[in-house]
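Reader: Hi! I'm new to reading protein structures, and I'd love a close look at one single part. Could you pick a spot and walk me through it and its surroundings?

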Amino acid sequence: MSKPAPPQLALYLLDRWGSPYHRESLAGDMIEQWHHGRSAAWCWRQVLVAILAARIRSVQRVSWKHVAKTLLRVINAVMLAGVLALGAGTLTRADSQSPCLMRSGC
């Protein structure tokens, strides 16, 4: 009786999110180790570590100049939305008050 195939979902995730430079060799090594008796938990651990390492490397390559520029744009957009909301709220409140409340002596 032959051993079943290694976890297909783990291999799919490795192919989808793993490093494009190492995923084929890692998948081949995992299948080979699987046939030598490694467990499904071992396969999953290898896949998760490989995906995590690939994601960390991709974050490290990001230029912090672009991150700062994007963050400033988000802050500016939030501030502008706040100013517009405050302005609209002030106009609405002023328009809805009765004339007697705005003048003294009513």
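Author: Happy to! Let's begin with a term: helices here are DSSP runs of H or I that are at least four residues long, and they are numbered from the N terminus. With those names in hand, we can find our spot, S19, which sits in the loop between α1 and α2.

Please keep in mind that this is a predicted model. Its protein chain has a mean pLDDT of 80, with 78% of the residues at 70 or more. Confidence peaks in α2, with a mean of 89, and is lowest in helix α5 (residues 99–102), with a mean of 57. The chain holds 5 helices and 0 strands, so-called α-α-α-α-α when read along the sequence.

Now to S19 itself. Is this residue buried or exposed? S19 has a relative accessible area of 10%, and because buried means under 20%, S19 counts as buried. For the wider setting, 16% of the chain's 106 residues count as buried. Setting aside neighbours within four places in sequence, S19 touches A54 and R57. Another residue to look at is A53, which belongs to helix α3. A53 and S19 are separated by 34 residues in sequence, yet their C-alpha atoms are 8.2 Å apart in space. Unlike S19, which is buried, A53 is partly exposed, at 28% relative accessible area.

Next, let's follow the helices on either side of the loop. The axes of α1 and α2 lie 9 Å apart, and the helices pack at an angle of about 165°. An angle over 145 degrees counts as roughly antiparallel, which means that α1 and α2 fit that description. Their crossing is right-handed. On the α1 side, the contact is made by L11, L14, D15 and R16, and on the α2 side by R23, L26, A27, M30 and I31. Sorted by class, that contact has 6 nonpolar, no polar and 3 charged residues.

What about the helix that holds A53? Helix α1 (residues 8–17) packs against α3 at about 10°, with the axes 10 Å apart. Therefore α1 is roughly parallel to α3. The two pass each other in a left-handed crossing. Here L9, A10, L13, L14 and W17 from α1 meet W44, V47, A50, I51, A54 and R55 from α3. The classes in this contact come to 10 nonpolar, no polar and 1 charged. You may recognise A54 from this list, as A54 is also in contact with S19.

One pairing remains in our tour. Helix α2 (residues 23–35) and helix α3 (residues 40–60) have axes that come within 10 Å and cross at roughly 165°. So this pair is roughly antiparallel, and the crossing of α2 and α3 is right-handed. The residues L26, M30, Q33 and W34 of α2 meet A40, W42, C43, Q46, V47 and A50 of α3. This contact includes 8 nonpolar, 2 polar and no charged residues.

Finally, step back to the chain. Among contacts between residues at least 6 apart in sequence, 60% join residues at least 24 apart. When you next turn the model, try starting at S19 in its loop between α1 and α2, then look across to A54 and R57, which S19 contacts.

Note on methods. Residues numbered from 1 in each chain as written. Predicted model: local features only at pLDDT ≥ 70, side-chain atom pairs only at ≥ 80, totals over all residues. Heavy atoms only, no water. Axes fitted to C-alpha atoms, helices over the stretch in contact; angles between N-to-C directions. Parallel < 35°, antiparallel > 145°, perpendicular 65-115°, else oblique. Left-handed = near helix turned anticlockwise from the far one by under 90°. Contact = heavy atoms within 4.5 Å. Nonpolar A, V, L, I, M, F, W, Y, C, P; charged D, E, K, R; others polar. pLDDT = per-residue confidence, 0-100. Buried < 20%, exposed > 50% of the residue type's maximum accessible area, 1.4 Å probe, protein only.
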